[in-house]
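Visitor: Hi! I'm new to this one, so could you walk me through it?
Guide: Happy to. Take a look, and ask away.

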Amino acid sequence: MDWRQLWEICSAPDNVPIVGLIPLLAFYIYLAWKQAHANDVLIDQLEADPALAKTHHRKTWPFKPGWQKEVHVWPFLLRIEFLAAIIVTIILMVWSITLNAPLEEPANPNLTMNPAKAPWYFLGLQEMLVYFDPWIAGVVMPTMIIIGLMVIPYIDTNPLGSGYYTWKQRKFSIGTFLFGFVILWVAMIIIGTFIRGPGWQWFWPGQTWDHNRLIYEVNRDLPDIFGITSNLGKGIFGAIVVGGFYVLGGGAVYSLFRRKMPKDFQRMSLLQFSIMVSLWLTMAALPLKMALRLIWHIKYVWITPWFNI
Amino acid sequence: MADENKNGGSNTPSSNGKNGGKVGVLEKVTTTVKEDIQALKTDIPAKVKEQVEGLKDPTKTQVYTSIFRHKHDDTPRNRALGVLSNVFLHLHPAKINRDAVRYSYTWGMGGITFYLFIILTYTGVLLMFYYHPSKVQAFRDVLYLEHDVPFGKILRNMHRWAAHLMVIGVWLHMFRVFLTGSYKKPREFNWNIGVLLLVFTLLLSFTGYLLPDDQLGFWAVTVGTNMARATPLLGHEGPFGPQLGMTPYNDVRFGLLGGSIVDANALLRSYIWHCIGIPIVASVLMIVHFWRVRKDGGISGPAPVMLTEEADKPRRGPKAAGE
């Protein structure tokens, strides 16, 4: 166990935000879960008792007759904003006094940093470079993430859970977002920051970053395993595998919706459903490709003269 | 002086005509001045008294009432006016739902992000006074800032850490908005503005990363922009790029960097995007974002929970009434 190495990584000034992000995210997930659970209990209670549902104010917080429904922004909101501004300022001041912003040697194109890392918030994408070619990891994926985020309001037709925390009423959408944000985005950043060392090799926390370490990896392509040698054959094989993933995956999602969420399926138009399925499967392809690479050492699935996937 | 002597010399009772008139003027002046002095003795203390009385309540002065259009009494009307008559506060409604002020619901992340943007603008402008976006000079400016400029080090530190905090703030804000389903009707469009603001926040941070012109920024931006080589169709290493005539000297990466490597032009382009281009675009989007929050009905909740059987029932309109 190399504590010094671990400390060096954790205390590198630009890694501190990530060290801070982990407990922060854990706290807010807890806070959201606590409220979602309370709301779900209330929903269960009201659904079991229609008479109560008609009279209940439908929030977990108490509301007594005679209380005003609204409060003045001045002072009841502004004092909170003022307090928040002061607290943020204090945190920022203390942080800026105690920890200096990083400044390395002057830029030198002839001396490559090893590891050369992108800013921490892009490390998830850099980690994806291990599993995908740059045009996918660096261009297509960020574009898909942005487009995917933007279409969310238009493909999520579930009217429940608008304006309150809940898990029971939105399992699929919240599950998907948690997976995308916490696992695929934040966890990849954590791997990129704390695990990836020189040569972008995998070093467990506490392992010394050995600049001379060599790993002999024999990566194969999926067509090779099936004994396909001709370029045309590889192209056709890959198209079938990738196409098959989307067709079979689409069928599986359809089956899931028909059985578990028939109402949601009913509400969605064909366009909404197909956009949702293709984006969802593309997201699911990420960990699948990672597993192929990490467990079976498979590099490409689909090989063509112009691009490889 | 000479004229006065002349007048004085001819000032005799026998004189008349013009000289007699002059005597009258002098007497008039003297009496007037005496009267004035007499009046001052009473007027000034009165004015002073009035002034002091006036200053006891500065809220009644013309200067004050010209700035603040209403009284400061603790009445519901004044509480509302305090928000409505202030250009900075009027983004808020006068009153909000009593539960909407709960921190556990909003996490305050949107506001904190905006506050950090203000801090970043403020510290950023100060940093610009000490920075030249040119090779060699840029790195020296940062060293100068760290070692010689009074409070230069804390200025740079605050800018850096506020930038990181802002990225985290934007993420957590988006996370909260998703978990509370706040992107749902009628807030779909504002969610989209928010996604764009997320992208511009990351781009702001990324363009700033290069500016110290040190190894860290240089290689981070090199790694980052190398991805652009692989842009399909538009990058010289991307799928179908070479077929479309892309080379390192005309592809999308060349456009981003102003060259085929991260050099002086890339530094200048980063600087201009960082200090002028993106902040303007982001500010415009922020204006739209905040305005839409109000126009879409204020913050989304905490709303009363909906039950499953109510999901497909119309909540308003003739249909809901007819049921």
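Visitor: Which residue stands opposite Lys95(B) in strand 1 of chain B?
Guide: That's His72(A). Keep in mind that this is a predicted model.

Visitor: How many bridges join strand 1 of chain A to strand 1 of chain B?
Guide: Three bridges join them, and the two strands run antiparallel. The chain B strand covers residues 95-97.

Visitor: And how many residues of each chain are in contact across the two chains?
Guide: On chain A there are 79, in contact with 85 residues of chain B. Several elements of chain A each supply at least two residues to that side, including helix 2 (16-48), strand 1 (70-72) and helix 7 (134-155).

Visitor: Which helix of chain A gives the most there?
Guide: Helix 2 of chain A does, with twelve residues.

Visitor: What about polar, nonpolar and charged residues on the side of chain A that touches chain B?
Guide: They divide into 53 nonpolar, 13 polar and 13 charged.

Visitor: Let's zoom in on helix 5 of chain A. At what angle does it pack with helix 8 of chain B?
Guide: The angle is about 125°, and the axes are 9 Å apart. That makes helix 5 of chain A oblique to helix 8 of chain B.

Visitor: Is that crossing left-handed or right-handed?
Guide: Helix 5 of chain A passes helix 8 of chain B in a right-handed crossing.

Visitor: Which residues meet there?
Guide: From helix 5 of chain A come Leu92(A), Trp95(A), Ser96(A) and Ile97(A). Among their partners in helix 8 of chain B are Ile154(B), Trp161(B) and Leu165(B). By class, this contact has eight nonpolar, two polar and no charged residues.

Visitor: Now something inside chain A. How do helix 7 and helix 12 of chain A pack?
Guide: They pack at an angle of about 145°, with axes 11 Å apart, and their crossing is left-handed. Met144(A), Gly148(A), Val151(A) and Ile155(A) in helix 7 meet residues of helix 12 that include Gln272(A) and Leu279(A). The residues of that contact divide into six nonpolar, three polar and no charged.

Visitor: One last spot: where does Gly180(A) lie?
Guide: Gly180(A) is in helix 8 of chain A, which covers residues 171-195.

Visitor: Why is Gly180(A) classed as partly exposed?
Guide: Because it has 19 other C-beta atoms within 10 Å, while buried would take 20 or more.

Visitor: What is Gly180(A) in contact with, leaving aside neighbours within four places in sequence?
Guide: Trp185(A) and Met283(A). Met283(A) is 103 residues apart from Gly180(A) along the chain, with 7.5 Å separating their C-alpha atoms.

Conventions. Residues are numbered from 1 along each chain as its sequence is written. Chains are lettered from A and ligands numbered from 1 in the order in which they are written. This is a predicted model: local features need pLDDT of at least 70, side-chain atom pairs count only at pLDDT 80 or more; totals for chains, interfaces and linings use all residues. Helices (H or I, at least four residues) and strands (E, at least two) are DSSP runs, numbered from the N terminus. A residue is buried if 20 or more other C-beta atoms lie within 10 Å of its own, exposed if 12 or fewer, and partly exposed in between; C-beta atoms are placed from the backbone. Two residues are in contact if their C-beta atoms, placed from the backbone, lie within 7 Å. Ala, Val, Leu, Ile, Met, Phe, Trp, Tyr, Cys and Pro count as nonpolar, Asp, Glu, Lys and Arg as charged, and the others, Gly among them, as polar. Two strands pair if DSSP finds at least two bridges between them. Axes are lines fitted to C-alpha atoms, for helices over the stretch in contact, and angles run from 0 to 180 degrees between N-to-C directions. Angles under 35 degrees count as roughly parallel, over 145 as roughly antiparallel, 65 to 115 as roughly perpendicular and the rest as oblique. A crossing is left-handed if the near helix is turned anticlockwise from the far one by less than a right angle, and right-handed if clockwise.
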